[in-house]
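Colleague: Please take a close look at one part of this model, and follow it outwards to its neighbours. Plain terms are enough for me.

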Amino acid sequence: MPADAPPEFHLPDEEVSRRFGATLGHALRPGDTVLLDGPVGAGKSHIARAAIRALCGAATEVPSPTFTLVQTYDGPECEIWHADLYRLTGGHEVDELGLTEAMGRDIVLVEWPDRLGSRAPGNAMRLTLTIEGDGRRVRLAHAPAQILAALEQGTNS
């Protein structure tokens with residue numbers, strides 16, 4: 001991979017994807033926003049669920065926010081917001097959910113981030129997931145150095 005290419009990770013199965021999500025969760029800090037992009041079935045919810053459980057405890061119930069749009073959790077340092085914006089039709093609906101206030105303050109995980117439009121923070125980390133055989137490929141953009149280092153170490157252990 002060229003030096004200027006975005007970092008990528010191959011996740012060959014659900015267990016490796018879960019560990020990737022848990023490693024991501026442990027590396028997140030208040031103010032971090034993660035945009036999870038990819039087609040239906042790419043593993044966005046799976047990675048978000050693992051990140052939330054890493055922060056809130058393995059027994060934490062993490063339902064998909066497909067119908068509620070947003071689920072919040074009490075994390076150790078701040079609230080954790082998990083949003084699924086698939087059903088939104090306009091950016092004004094994002095404001096009604098309170099997401100714009102949470103971004104930059106809490107940990108925010110957003111599925112279907114294209115629905116944010118201009119409300120997507122410029123410093124948000126983007127995970128683009130693609131289906132690759134039985135596994136997934138994750139490409140990162142705007143990943144802070146400490147998160148990238150944690151993910152690289154976590155996938156090599």
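**Strand β4 and its neighbours**

Modeller: Tyrosine 73 has isoleucine 80, in β4, as its bridge partner. The model is predicted, so local features need pLDDT of at least 70 and side-chain atom pairs pLDDT 80 or more, while totals for chains, interfaces and linings use all residues. Residues are numbered from 1 along each chain as its sequence is written, and side-chain values use heavy atoms, without hydrogens and water.

Strand β4 covers residues 79–84; a strand is a DSSP run of E, at least two residues, numbered from the N terminus. Of its 6 residues, 5 are buried (under 20% relative accessible area, 1.4 Å probe, protein chains only). That is why β4 is largely enclosed by the rest of the structure.

On one side of the account is strand β3, residues 70–74. β3 and β4 pair (at least two bridges found by DSSP) in the antiparallel sense, over 5 bridges. The link from β3 to β4 is a hairpin of 4 residues.

The other partner to follow is β5. β4 and β5 run parallel and are joined by 5 bridges. Within that pairing, alanine 83 has valine 110 of β5 as its bridge partner.

From β5, residues 107–111, the path goes on to β2, which pairs with β5 in the parallel sense over 4 bridges. Here valine 34 stands opposite leucine 109 in β5. β2 also runs parallel to strand β6, residues 125–132, and 4 bridges join the two. Aspartate 37 has threonine 128 of β6 as its bridge partner.

β2 itself spans residues 33–37, and 4 of these 5 residues are buried, so β2, too, is largely enclosed by the rest of the structure.

A last point concerns the cysteines. Cysteine 78 counts as buried, at 14% relative accessibility. Its closest cysteine sulfur is that of cysteine 56, 9.1 Å away, which is too far for a bond. Cysteine 56 is partly exposed (from 20% to 50%), with a relative accessible area of 25%. Seen from cysteine 56, the closest cysteine sulfur is in turn that of cysteine 78. With a disulfide taken as a pair of cysteine sulfur atoms within 2.5 Å, the count comes to 0 disulfides.

To sum up, β4 has 5 of its 6 residues buried, is antiparallel to β3 and runs parallel to β5.
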